[in-house]
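Q: Please choose one part of this model and take a close look at it, working outwards from a single residue to the elements around it. I would like one connected account rather than a list.

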Amino acid sequence: MKFIYESVLDALVAGAGEVGIGTRAFRLAEMDLRPCRACNACFRDGECVQKDGMQEIYPHLLEAGAVAMAAPIFSMNICAQAKALIDRCQRFWSARYVLGREPVERERAERRKGFFLSCCGRERPDTFDCTRPVMAYFFHIVGVGSWTPLTYAGVDEAGKIREVEGALERAAELGRSLRSPV
Ligand SMILES: Cc1cc2nc3c(=O)[nH]c(=O)nc-3n(C[C@H](O)[C@H](O)[C@H](O)COP(=O)(O)O)c2cc1C
């Protein structure tokens, strides 16, 4: 079964591919990805002491020309796997605000783009309101200068996203917008 967020992400990835942009996707739900323990070890050196799937993801978060987070709404906010990843970016917060180091050079960060792809079962688009500060924080902390939300309310069953007019085309368009490498 394909999840709804995956269909939207696939469309964005396909759009990026059309303009020659390579992508790397991580399926968090299938990875060993633990929550932040607030041990504050990252205050010392900006590194995370937990050795799990995040160690594979970290370099991509910093080196990619763009970062997309695709996550459905569970219990009125982004799903736990996505939130765990964001919390584990505390090492970048520490690097910047404790150690005074920019994880991504400022000028490059300003050019990097972010995408937040989401869907929820309720018909109300304001269901996504509470995700805005979370995603704004995430993109800020990983050094992404601007981001675009692509959110769909009232999409509860796998496959239903295909019935939402223009949804996948809009995602593909965002992928194609990544013409110039950063
Ligand atoms: C555990 C769980 C909690 C959910 N909580 C909400 C919710 O609070 N609000 C909402 O609108 N939809 C909620 N939903 C519905 C999902 O957002 C919806 O089914 C979504 O389309 C799933 O996307 P996916 O197929 O990409 O996983 C929840 C679904 C699950 C499984």
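**A loop residue and the helix pair beside it**

A: Leaving aside residues up to four places away in sequence, Arg162 touches Ser7 and Leu168. The model is a predicted one, and in it Arg162 sits in the loop that lies between S5 and H8. With a relative accessibility of 57%, Arg162 counts as exposed, because the cut-off for that class is over 50%. As for its place relative to Glu56, the two residues are 106 positions apart in sequence, and their C-alpha atoms are 32 Å apart in space.

The two residues touched by Arg162 lead to a pair of helices, since Ser7 belongs to H1 and Leu168 to H8, and both take part in the contact between these helices. On the side of H1 (residues 4-18), the contact is made by Ser7, Val8, Ala11, Leu12, Gly15, Ala16 and Glu18, which meet Leu168, Ala171, Ala172, Leu174, Gly175 and Arg176 of H8. By class, the residues of this contact comprise eight nonpolar, three polar and two charged. In an α-helix there are 3.6 residues a turn, so residues three or four places apart point the same way.

The geometry of such a pair can then be stated in two quantities: packed helices are described by the angle between their axes and by the distance between those axes. For H1 and H8 (residues 167-176), the angle is about 40° and the axes are 6 Å apart; the two helices are therefore oblique to each other. The crossing in which H1 passes H8 is right-handed.

H8 also has a second neighbourhood, for it lies across S4 and S5 and runs at about 170° to S5. An angle over 145 degrees counts as roughly antiparallel, so H8 and S5 are roughly antiparallel in direction.

The strands beneath this description belong to an open sheet of three, ordered S1-S4-S5 and paired in parallel. S1 and S5 (146-153) are the edge strands, and because each has a single partner strand, one side of each is left without a neighbour in the sheet. On average, and with direction ignored, neighbouring strands of this sheet are turned by 10° against each other. The parallel pairing of S1 with S4 (residues 113-120) extends over five bridges, including the one in which Ala66 has Lys113 of S4 as its partner.

Technical notes
Residues are numbered from 1 along each chain as its sequence is written. This is a predicted model: local features need pLDDT of at least 70, side-chain atom pairs count only at pLDDT 80 or more; totals for chains, interfaces and linings use all residues. Side-chain values use heavy atoms; hydrogens and water are left out. Axes are lines fitted to C-alpha atoms, for helices over the stretch in contact, and angles run from 0 to 180 degrees between N-to-C directions. Helices (H or I, at least four residues) and strands (E, at least two) are DSSP runs, numbered from the N terminus. Angles under 35 degrees count as roughly parallel, over 145 as roughly antiparallel, 65 to 115 as roughly perpendicular and the rest as oblique. A crossing is left-handed if the near helix is turned anticlockwise from the far one by less than a right angle, and right-handed if clockwise. Contact means heavy atoms within 4.5 Å. Ala, Val, Leu, Ile, Met, Phe, Trp, Tyr, Cys and Pro count as nonpolar, Asp, Glu, Lys and Arg as charged, and the others, Gly among them, as polar. Two strands pair if DSSP finds at least two bridges between them. Buried means under 20% relative accessible area, exposed over 50%, partly exposed in between (1.4 Å probe, protein chains only).
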